[in-house]
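Colleague: I am new to this one, so could you walk me through it with a few questions and answers?

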Amino acid sequence: MNNKAVLEFAKIISGIFSNKEQALDNPKNFAHIQIHIRPLFFKTYKCFAFYSEQRYQHDIWNPYRQSINKLSHEKEIFILSNHKIEDKERFTGGALDISLLDRISKYNLHKKSGCSMHFRETNPGNFSGALEPGCKCYIQYGENKTYVNSKVRVNKNSFIAEDSGYEIETDKKIWGSDFGPLIFKKLDNFDYFIDENWV
């Protein structure tokens, strides 16, 4: 696998994604969510990396998920590692205004063990991703410590994701959609940024 393949995958996985159409068609079962996956300057972490925010459209300044994802590859697998950001509130809105991320490398990152996503190309331009093997990505959900199951399908036009959490002792599903995956369409991409700052 070469850098050209990595850059092309990066262009597909990054962008602004919205499930507005799904939410309007079925508002009872699906909230309107936006996902921003913004590539960072290579010099920020001296590797290919993204800043991501996920938020409800009605509450854009209060994202429910913020993280740094670092991109690497092994053989035919594209790996997105997941890192928590110290004082993440300082960077809220960075998905819209990259200047807010100028000092992000000064803050500690904490890699979330067991929570890297592994992507494989299923056919040209289409990728399927799942959490690394082992069921060791944990999230506290109320009083329950759960392990996460995450599946993603992505191409240059769409991002389809389904996350769910399970009780460790019983494998009982504790959280996650009962109505199928979230279906996002890409509203914008960051190809130009990758070409100018990663090549």
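Colleague: Let's start with a small spot: which residues does Ala23 touch, not counting residues up to four places away in sequence?

Modeller: Happy to help, and please note that this is a predicted model, where local features need pLDDT of at least 70, side-chain atom pairs count only at pLDDT 80 or more, and totals for chains, interfaces and linings use all residues. Residues are numbered from 1 along each chain as its sequence is written, and side-chain values use heavy atoms, with hydrogens and water left out. Contact means heavy atoms within 4.5 Å. With neighbours up to four places away set aside, Ala23 touches Phe30, Ala31 and His32.

Colleague: Is Ala23 buried or exposed?

Modeller: Ala23 belongs to helix 2, residues 20-25; helices (H or I, at least four residues) and strands (E, at least two) are DSSP runs, numbered from the N terminus. Buried means under 20% relative accessible area, exposed over 50%, and partly exposed in between, with a 1.4 Å probe and protein chains only. Because its relative accessibility is 7%, Ala23 counts as buried.

Colleague: How many helices and strands are there in the protein chain, and what radius of gyration does it have?

Modeller: The protein chain has 4 helices and 13 strands. The radius of gyration is taken over C-alpha atoms, and the globule rule is 2.2 Å times the number of residues to the power 0.38. For 199 residues, a compact globule would come out near 16 Å, and the protein chain agrees with that, at 16 Å.

Colleague: Where is Ser14, and which residues is it in contact with beyond four places in sequence?

Modeller: Ser14 sits in the loop between helix 1 (3-13) and strand 1 (15-18). Its relative accessibility is 0%, so Ser14 counts as buried. Leaving aside neighbours within four places, Ser14 is in contact with Ile37, Pro39, Phe50, Lys186, Phe190 and Ile194.

Colleague: Which element gives the most to the largest nonpolar core?

Modeller: A nonpolar core is a set of buried Ala, Val, Leu, Ile, Met, Phe, Trp, Tyr and Cys residues joined through side-chain atoms within 4.5 Å. The largest one has 33 residues, and those with the most contacts inside it are Ile13, Phe50, Leu71, Phe119, Val154, Phe159 and Trp198. The buried residues of helix 1 include Val6, Leu7, Phe9 and Ile13. The element that gives the most to this core, with 6 residues, is helix 1.

Colleague: What separates the C-alpha atoms of Arg153 and Phe119?

Modeller: Arg153 lies in strand 10, residues 144-154. Beyond four places in sequence, Arg153 touches Phe127, Ser128, Ser158, Phe159 and Ile160, while the contacts of Phe119 include Phe127, Ser128 and Val154. Arg153 and Phe119 are 34 residues apart along the chain, and their C-alpha atoms are separated by 8.8 Å.

Colleague: One last spot: is Ser116 buried or exposed?

Modeller: Ser116 is found in the loop between strand 6 (109-111) and strand 7 (117-123). Leaving aside neighbours within four places, its contacts include Ile79, Leu80, Ala130 and Leu131. With a relative accessible area of 5%, Ser116 is buried.
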